[in-house]
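Thanks for making the time this morning. I would like to go through one model with you, starting from a single backbone detail and working outwards, and I will try to keep the confidence of the prediction in view along the way.

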Amino acid sequence: MDLKLVFRLLGMLGMAFSLVILIPLIASFIIDQEHMIVFLGTLCISLVISGIFLFYGARKTKQRLRIREAFAVVGCGWLMVCILGSLPYLLNGTMDPITAIFESVSGFTTTGVTTSKSFQDFPVSILVWRCLTHWCGGIGVIMLFIIIMPQMNSGTGYLLNAEMPGSVIEHTLPRIKESAMLIFTIYVFLTAVEIILFIFGGVSVPQSINLALATMATGGFSYYNDSLISFNSVYVEIIAVVFMLISSINFSLYYKIWRSDWTAIMEDAEHKYYLSLLAIAACLITIDLYWSGYFSSIMQSARHGLFQAISISTTTGFASDDFNKWPSFSRFILLLLMFIGGCSGSTAGGIKIYRIIVLIKASWSELLRTLHPKIVYSIKIRNKPVEPEVVGSIMRFFFLYILVFMVLTILISLTGLSLMDSIGVIAACLSSVGPAFSIVGPTTTYGDISLFGRLISICAMLLGRLEIFTLLVIMRLAFWRNKQNW
């Protein structure tokens, strides 16, 4: 393990964080100057910590970045950024350390939940910071770092692979840093377009910015505790639906479209499976809402059924209606969508639709082998074979995902939550959805969760955002031993 290289990169990441903190600092100077000290204090602490890392880090401008150092930078980098991101909440004097870290992790992991009973408790500059953490977490803190960092030979790809394990960006684009910059440009452009569309629909500028940042990050932060219910606007819901879908599809497709490669849309099978799944889920929920009499109008049922299916599946977590009161069948469909999530290489969380398709095909192949032991059956996605190593990796990920879900559910149930509440909280945090059912429904907050429960939720959010492996790997003592040959 080249710790000096890891320290240097963590120091540079801290410097990048310091640049981001300038935005809410400027906002506090313009809007609420009494809170400037909060962000000045955060900036100073961030610069000191970054300076310490840089002082002990390597002095060479170019070094070989191996996969071991990449995992260390991504795992420790996320932990460092989330802790630094909690400082504004902590220095504001309204939260204890665990709650402040919870708010920070919720933002950066795009889970989009809060422990506050009312957003009126936050000053405007803190609200700006919340939105910003959401947006940065959506595109990926490490991906933003790759854009501004010096080229680390060929090892930069390891950082992107560890940051976005489901992504195929590094396999489709020739140069990692330039590709990350282009993806970031597309992300900024789509965010700007969405802001303009919200303003055009009569939404105030601050709320338009908030909604756009939250939607593109598939996060779900809103100015209101009841999400989008207070807007009661079909126009707002339509814009949110469109951009939630855009954000939950692999961003590599947008790069190819940017390069006029329109055939990529036809060749990519994942988004077709994904849209088909959403259509089926929306239809089932619509029928259930109308048939059960929850809504008297089929149009109302379709409006809220479609919106909620897309919102949960993209792991955004916006709500157009209190789905906590919906019939059991509809809520069960939403729970399944939480686990499945969006497409690989997107800002959405969850297991990802590509893995689900491979798992289904792998299960089918095993069934065929049971019936015909000598059969040779290869798993294909749109006539392209999936390598056995990839299938094995997906199976290991799925097993770990379910195991982590079970362990965390048991742990949080020790706080006194019911079984269904425990399942809902962990499912929502692990998949980065945020709102779930009962005690943490779309119109409530995590304020009633105990401090131990918030710690468990923090672990679930981080594990879900880093897709299990990265965080678990750096927790092994063997990972940090210099004698280990990686």
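Thr218, which comes just after H11, takes a positive phi of about 45 degrees, and I should say at once that we are looking at a predicted model. The residue lies in the loop between H11 and helix H12, the latter covering 234-247. Is Thr218 buried or exposed? With a relative accessible area of 0%, Thr218 is buried. Once its neighbours within four places in sequence are left aside, its contacts include Thr110, Met244 and Ser247, and also Thr314, Thr315 and Thr316, together with Thr347, Ala348 and Ser432.

Stepping back to the helix that precedes this loop, H11 runs over residues 205-216, and its twelve residues reach 16 Å from the first C-alpha to the last, close to the 16 Å expected at 1.5 Å a residue. H11 is mostly covered, since nine of its twelve residues are buried; among them are Gln207, Ser208 and Asn210, as well as the run from Leu211 through Ala212, Leu213, Ala214 and Thr215 to Met216.

Now to the aromatic residues, where the count comes to 13 pairs. In one of them, Phe55 and Tyr56 have ring centres 5.1 Å apart and planes at 90 degrees, so the pair is edge-to-face. Phe55 is exposed at a relative accessible area of 55%, and Tyr56 likewise counts as exposed, at 52%. Tyr294 and Phe295 also form an edge-to-face pair, with 4.9 Å centre to centre and 90 degrees between the planes, but here Tyr294 counts as partly exposed at 29% relative accessibility, while Phe295 is buried at 8%. Which residues join these two in one aromatic cluster? The cluster is completed by Phe323, Trp326 and Phe437.

Two rings also have a charge placed over them: the charged end of Arg130 sits over the ring of Phe221, 3.8 Å from its centre, and that of Arg355 sits over the ring of Phe397, at 3.9 Å from the centre.

Finally, a word on confidence. The mean pLDDT of the protein chain is 82, with 88% of its residues reaching 70 or more. Among the elements, helix H16, residues 298-313, has the highest mean at 92, whereas helix H9, residues 169-172, has the lowest at 43. Over residues 165-174 the pLDDT stays under 50, and for that stretch the model has 24 contacts beyond four places in sequence.

Terms used:
Residues are numbered from 1 along each chain as its sequence is written. This is a predicted model: local features need pLDDT of at least 70, side-chain atom pairs count only at pLDDT 80 or more; totals for chains, interfaces and linings use all residues. Side-chain values use heavy atoms; hydrogens and water are left out. pLDDT is the predictor's confidence in each residue, from 0 to 100. Helices (H or I, at least four residues) and strands (E, at least two) are DSSP runs, numbered from the N terminus. Contact means heavy atoms within 4.5 Å. The expected span of a helix is 1.5 Å times one less than its number of residues. Buried means under 20% relative accessible area, exposed over 50%, partly exposed in between (1.4 Å probe, protein chains only). Rings of Phe, Tyr and Trp (its six-membered ring) pair if their centres lie within 6.5 Å; planes under 30 degrees apart count as stacked, over 60 as edge-to-face and the rest as tilted. A charge sits over a ring if NZ of Lys or CZ of Arg is within 6 Å of the ring centre and within 35 degrees of the ring normal.
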